[in-house]
Amino acid sequence: MQERVKTIRRRFDRDLAAAQSGAAVAEVRVRYLGRKSGVLTTLLKELRDISPSRKASAGKAINTLKSHVESALADARGKGTAARPAPPGDALDLSLPGRVQLPGCPHPISQIRSRIEEIFLEMGYALESGPLVETDYYNFEALNIPQYHPARDMQDTFYVEGGLLLRTHTSPVQIRTMQRQQPPVRMIALGMAFRRDAADLTHSPVFHQVEGLAVDERITFADLRGTLEHFCRRMFDRDLRLRFRPSYFPFVEPGAEYDISCIFCGGDGCRACKGSGWIEIGGAGMVHPAVFENVGYDPERYTGFAFGLGLERIAMLKHGIDDIRLFYENDVRFLSQFPA
Amino acid sequence: MRFCHGWLKEYVTITDEPRRVGALLTGAGVPLDGIEGVGDDAVYDFEILTNRPDCMNHVGLARELAALTGQDLRIPDANVPPGGPPSPEHADITIEDPDLCARYSGRCILGARIGPSPDWLTRRLASIGQRPINNVVDVTNFVLWELGHPLHAFDLDRLTDRRIVVRRARRGETLVTLDGESRTLTTDMLVIADARRPVALAGIMGARDSEISEATTRILLESAWFEPISVRRTARALGLHTDASHRFERGADPGLTVAALDRAAALIAEVAGGEVTEPALDVHPRPEPPRVVPFRPARARQLLGLDLPADFMRERLIRLQFDVREPDRDSWQVTIPSFRRDVTREVDLIEEVIRQRGYDAIGADLPQHAGAGRGRSDADRRALLARQALQSAGIHEAVNSILIDREDATPFAPHGAEPRGISNPLQSQAAWLRMSLVPGLLRNVAHNLNHGITRCHLYEIGPVFLPGKKEPLEERRLAFVLAGQGLPAHWSLKPRAVDLYDARGPVELLSDLLGTSRLVLSSDKMSVLAEGRALGISHQDQSIGWLGVIAPDVLQRFGIDQPVHGGEIAMEVLEAEPVATRRYRPLPRYPGVRRDLALIVKQDTRFDAIERVVRSVNTVPIEEVQPFDRYRGPGVPKGCVSVAVQILFRHGGRTLTSEEVQSAQDAIVAALEGELGARLRGPSRD
């Protein structure tokens, strides 16, 4: 009996604590003290059947419980709704931190990824993906980087047993997408890529890339510039400028690298941009006709642009992170700095 | 690659400051990495892109600069002293393999004196960080950095029969290269041989025993063109990378062999004395016809989205030494100079003109609308919900590499499966493809605990790699690990360690959020999980994952000495289910009746069994069965546990009477007694 009383008391305390309004408190009162089927009423009725030897102690326990229930209910009614001032002597320390179920934090790379996805989804792009373990064909050959091409030096590759490799960029997804569908194409692909580079402050053998591709009749380099300008401005929430410099990637021609005006100094020159006023973001260009030929698109009829950039770099710029390895240690003190 | 400002000025008039020159070339596709020094002594560090071997020398860079500034390019004259002895009497050149060597030119210098170079030559070389060796080698080096063509000087007297034979190596042939290494050659490697043996690796490095020494007086100078792929394969196979191979791999200029040869021969005669033989021997079995590429100005404008005038395009192409013919105003014929092997198609010429104009002349536009986008896929939306579920359970997202240690991978591999390996890993801890996300997360837990973090709750969503036929099977998984404190520290909360229900909760929430047919959790046995602390997760009778307490012997390997709870789920099945639309259930119109039962049951009686028995009594509709207390201790017999259950009865069409509820309750109690041996904790049974 004693145990049962304890259980009911625990249960009552919980119910009362959960009752936030006068009506809810009243409901708790009925549940426990209701004349017909209140929990305590029933308990007292059961007392009749109990053996005399135990009656006294049981009765005492029930009565103690009853007075606890009654006084707690009276207190609850006394407090009533929030409008009534708290009685003196029961002052709350209003400076203590509040209580909330703290949500976990998405990884900073995921946050950058979601943001990029949003920006391009708004522009009508599709999200595509492809395998991380790739064939030489998709990672190199189809992208106009034949065997023994010196450009392969720029992308030191991890080879996987069985004549496969870890993709060195997200560009194979371009090929897979174009093989699957006819123009017009508007796609981005985000995901992991791998280079056989030793890790240091700014290099990691594992990193994340986004690849973009638009193919249609009459796509121009100006479309590429406009698209990246729009993207970069939204990504960094600034009215920044873009600069394109000629560069070489075998799957685009003309090929370019693009910079944004420094987000720290606005282009005047500071430490972050090494005084140049510009910050390197990624590579881009017009899809090479050989790539179109490889996927069976007519390079006379269709033109297109492609671009790429590293997610870690964007996250490092946005949050001022100076060591790329932090992204893969998953230190809770790091992760919890980016609640959203 | 280093270039000297004063040296560049030999070939083109430069009026700009070095910084301005650097910016100009950067804008045209020769990015500047840095400048040291000032004025004529300024040394540039340019990054020469891999498709522009023609710019890997001062004349080539001057050519770019001349085109950009409109200045004339001054190519140095060779001025070979006339009247030398006849070349064919001193050397003989044969190409046996014209596929791999399209051209081989040579001359001899007789009576040269090997010694230190004059000042002007060592200064030039020193300006770009090249160490002087002797006057002959320095000249070949100088011409490499001036004109860009790699040359090689042989000691003619060490060539058997004074013969040069360009051929593939014979099986088992060896060669000691200039660096002193003995190299065993294979039959696909091209060598320069004399009548007897190899004397150089074609386009890569010479042999030690035919090199120029202080005793050398007669020299054979080589200026050849080797097939890029062959040079690259051989250099890679032997682990060699030289200034010569760097250029031949990227494509040297076959049209330059004789000019470079003559320039070097004349300079050797100037700095080392001797007579240059006449004429240049020039074996050219495979001359390439000049490449002609059609160019349509309108196509250039269309591709770039920029209205470039035809005059501008013509003039700049000509300045870059392209030959432009216009049989038709709209369709030009452009002949490509032999040093521009990178230009093969119309788009390459389009890049040439826009490089000259500057990419930033192009304005900003947006592609035409291409129809409504597809938006996120169902699978993607469900993955986002999964993230939400775990994050709202207070778990942080982790991202780990897919490359792990073999020993880490093994305990979590499906039965008997071997992970796929990386053939050329950087380190053994990252040499295998993961077959589970959990090992990576356990490494993260160890890192966090070692850094004094008291609550480490992490999840990850990503691919694992299971055995497949050719490619490994990429399967998307979700995994989580919980270690340390169960709750975040707060002044009002009593700290407690993570328990199994912290691990179960997120999976239940996931099931609710995804709205799929519920995930079923049932007791299981797994080698990675502690006995009696393992749950299998299934979906429509298909096993898709597990959760529980990671076995201590597994944790030991990760250096973790405190309990870790965790779980892993294959996402594919969940992602494949259509996104469920939630149906509205009308709110109840009649009050429900709650009854609490405090039961004493055997301690291995599970709540799901109690719930099943309760619900089996269906005289009155039961809306909810909730456990609200579980207690062991004084008052509860040994081997038993007290479980308190609240039952909510509700009828959809009327108010229930207390009599019918009471009789249902009695029936439930009777059923629990009968089926589970449960008894009510009440005064009558005390």
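In this predicted model, strand 6 (residues 206-216) and strand 10 (residues 303-310) of chain A run antiparallel to each other, joined over 8 bridges. One residue pair fixes the register: Val215(A) lies opposite Gly304(A) of strand 10 of chain A.

Both strands belong to an open sheet of 7 strands in chain A, ordered 1-5-6-10-9-8-7. The pairing in this sheet is mixed. Which strands stand at its edges? They are strand 1 (126-128) and strand 7 (242-246) of chain A. Each has a single partner strand, so one side of each lacks a neighbour in the sheet. From one strand to the next, the twist averages 25 degrees.

Chain A also holds an open sheet of 3 strands, in the order 2-4-3. Here the pairing is antiparallel. Strand 2 (133-134) and strand 3 (159-160) of chain A are at the edges. Each pairs with a single strand, so each has one side without a neighbour in the sheet. Strand 3 of chain A meets strand 4 (residues 164-166) of chain A over 2 bridges, in the antiparallel sense. Within this pairing, Val160(A) has Leu164(A) in strand 4 of chain A as its bridge partner.

The two strand pairs are set out below.

| Strand pair | Sense | Bridges |
|---|---|---|
| Strand 6 and strand 10 of chain A | antiparallel | 8 bridges |
| Strand 3 and strand 4 of chain A | antiparallel | 2 bridges |

Next come the helices of chain B. Packed helices are described by the angle and the distance between their axes. How do the axes of helix 5 and helix 8 of chain B cross, and at what angle? Helix 5 (residues 135-146) and helix 8 (residues 257-272) of chain B cross at roughly 145 degrees, with their axes coming within 9 Å. The crossing of helix 5 and helix 8 of chain B is right-handed.

Helix 5 of chain B brings Asn135(B), Val136(B), Val139(B), Thr140(B), Phe142(B) and Val143(B) to the contact. Facing them from helix 8 of chain B are Ala260(B), Arg263(B), Ala264(B), Leu267(B), Ile268(B), Val271(B) and Ala272(B). The residues of this contact divide into 10 nonpolar, 2 polar and 1 charged.

Last, the contact between the chains. Chain B gives 93 residues to it and chain A gives 86 residues. On the side of chain B that touches chain A, helix 11 (residues 346-357) of chain B supplies the largest share, 6 residues. That side of chain B has 37 nonpolar, 33 polar and 23 charged residues.

Technical notes: Residues are numbered from 1 along each chain as its sequence is written. Chains are lettered from A and ligands numbered from 1 in the order in which they are written. This is a predicted model: local features need pLDDT of at least 70, side-chain atom pairs count only at pLDDT 80 or more; totals for chains, interfaces and linings use all residues. Two strands pair if DSSP finds at least two bridges between them. Helices (H or I, at least four residues) and strands (E, at least two) are DSSP runs, numbered from the N terminus. Axes are lines fitted to C-alpha atoms, for helices over the stretch in contact, and angles run from 0 to 180 degrees between N-to-C directions. A crossing is left-handed if the near helix is turned anticlockwise from the far one by less than a right angle, and right-handed if clockwise. Two residues are in contact if their C-beta atoms, placed from the backbone, lie within 7 Å. Ala, Val, Leu, Ile, Met, Phe, Trp, Tyr, Cys and Pro count as nonpolar, Asp, Glu, Lys and Arg as charged, and the others, Gly among them, as polar.
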